[in-house]
Amino acid sequence: MKKFNLIASGKNSLRPSLDYIQVKNGFVYATDCHKLVKIPIKEAFGSLPVDAPTEFYFKADAWKKGNFYKALYYNIKDNYLEAFDKKGKLGIIDILTYEQFRAEVGGNFPDCE
């Protein structure tokens with residue numbers, strides 16, 4: 001997994017939506033409004049379970065702190081993304097649906113298309 005959030009996710013308290021990474025329409029997006037990283041889901045996560053949501057969000061700093069970019073396998077359970085390496089579980093991070101994201105952040109993720 002690439003460290004895509006390290007170069008593209010925002011850290012601006014005036015734009016809290018940029019602190020998140022978006023997974024939507026088969027791609028993973030990270031942006032700081034100057035740079036945009038768009039990666040196919042298969043390249044970012046390998047394969048996600050069939051019942052995985054088609055759109056979700058997670059905090060970029062949680063991805064970085066949990067070393068999730070080192071994971072070999074990912075799983076989604078309820079509202080959590082689990083990451084596993086050769087030794088077992090690396091950790092879990094919260095994921096948000098579109099509605100939860102809008103309620104928490106109070107806005108939208110930029111339209112990257």
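This is a chat about a predicted model, covering its cores, its largest pocket and a few loop residues.

Biologist: Let's start inside. How many residues are in the largest nonpolar core, and which have the most contacts there?
Modeller: That core has 24 residues. Those with the most contacts inside it are Phe 45, Leu 48, Phe 58, Trp 63, Tyr 74 and Leu 81.

Biologist: Which elements give two or more residues to this core?
Modeller: Quite a list: the strands β1, β2 (27-31), β3 (36-40), β4, β5 and β6, plus α2 and α3.

Biologist: And where does the largest share come from?
Modeller: From α2, which gives three residues.

Biologist: What about the other core, how many residues does that have?
Modeller: Seven, and it lies apart from the big one. Tyr 20, Tyr 57, Phe 101 and Val 105 are among them.

Biologist: OK, pockets now. How much space lies in the largest pocket?
Modeller: About 160 Å³.

Biologist: Which residues lie nearest its centre?
Modeller: Gln 22, Lys 24, Pro 110, Asp 111 and Cys 112, out of 13 that line the pocket. As for elements, β1 (20-24) and β4 (55-59) each give two or more residues to the lining.

Biologist: How does that lining divide into nonpolar, polar and charged?
Modeller: Six residues are nonpolar, three are polar and four are charged.

Biologist: Switching to loops. Where does Thr 54 lie?
Modeller: In the loop between α2 (41-45) and β4.

Biologist: Is Thr 54 buried or exposed?
Modeller: Exposed, because its relative accessible area is 68% and the cut-off for exposed is over 50%.

Biologist: What does Thr 54 touch, leaving out residues up to four places away in sequence?
Modeller: Val 23, Lys 24 and Asn 25. Lys 24 is also one of the residues nearest the centre of the largest pocket.

Biologist: And how far apart are Thr 54 and Thr 97?
Modeller: They are 43 residues apart in sequence, and C-alpha to C-alpha they are 9.3 Å apart in space.

Biologist: Any odd backbone angles? What is the phi of Asn 67, say?
Modeller: Asn 67 has a positive phi, about 55 degrees, although it is not a glycine. Asn 67 lies in the loop between α3 (60-65) and β5 (73-77).

Biologist: Why does Asn 67 count as partly exposed?
Modeller: Because its relative accessible area is 28%, and partly exposed runs between the 20% and 50% cut-offs.

Biologist: What about Asp 78, what's the phi there?
Modeller: Positive too, at about 50 degrees, and Asp 78 is not a glycine either. This residue lies in the loop between β5 and β6 (80-85). With 71% relative accessibility, Asp 78 counts as exposed.

Technical notes
Residues are numbered from 1 along each chain as its sequence is written. This is a predicted model: local features need pLDDT of at least 70, side-chain atom pairs count only at pLDDT 80 or more; totals for chains, interfaces and linings use all residues. Side-chain values use heavy atoms; hydrogens and water are left out. Helices (H or I, at least four residues) and strands (E, at least two) are DSSP runs, numbered from the N terminus. Buried means under 20% relative accessible area, exposed over 50%, partly exposed in between (1.4 Å probe, protein chains only). On a 1 Å grid over the protein atoms alone, a cavity is a set of points where a 1.4 Å probe fits but cannot get out, and a pocket is an open set with protein on both sides within 12 Å along at least five of seven lines; lining residues have an atom within 4 Å of a point. Grid points are joined across faces, edges and corners, and a volume is the space filled by probe spheres set on the points. Ala, Val, Leu, Ile, Met, Phe, Trp, Tyr, Cys and Pro count as nonpolar, Asp, Glu, Lys and Arg as charged, and the others, Gly among them, as polar. Contact means heavy atoms within 4.5 Å. A nonpolar core is a set of buried Ala, Val, Leu, Ile, Met, Phe, Trp, Tyr and Cys residues joined through side-chain atoms within 4.5 Å.
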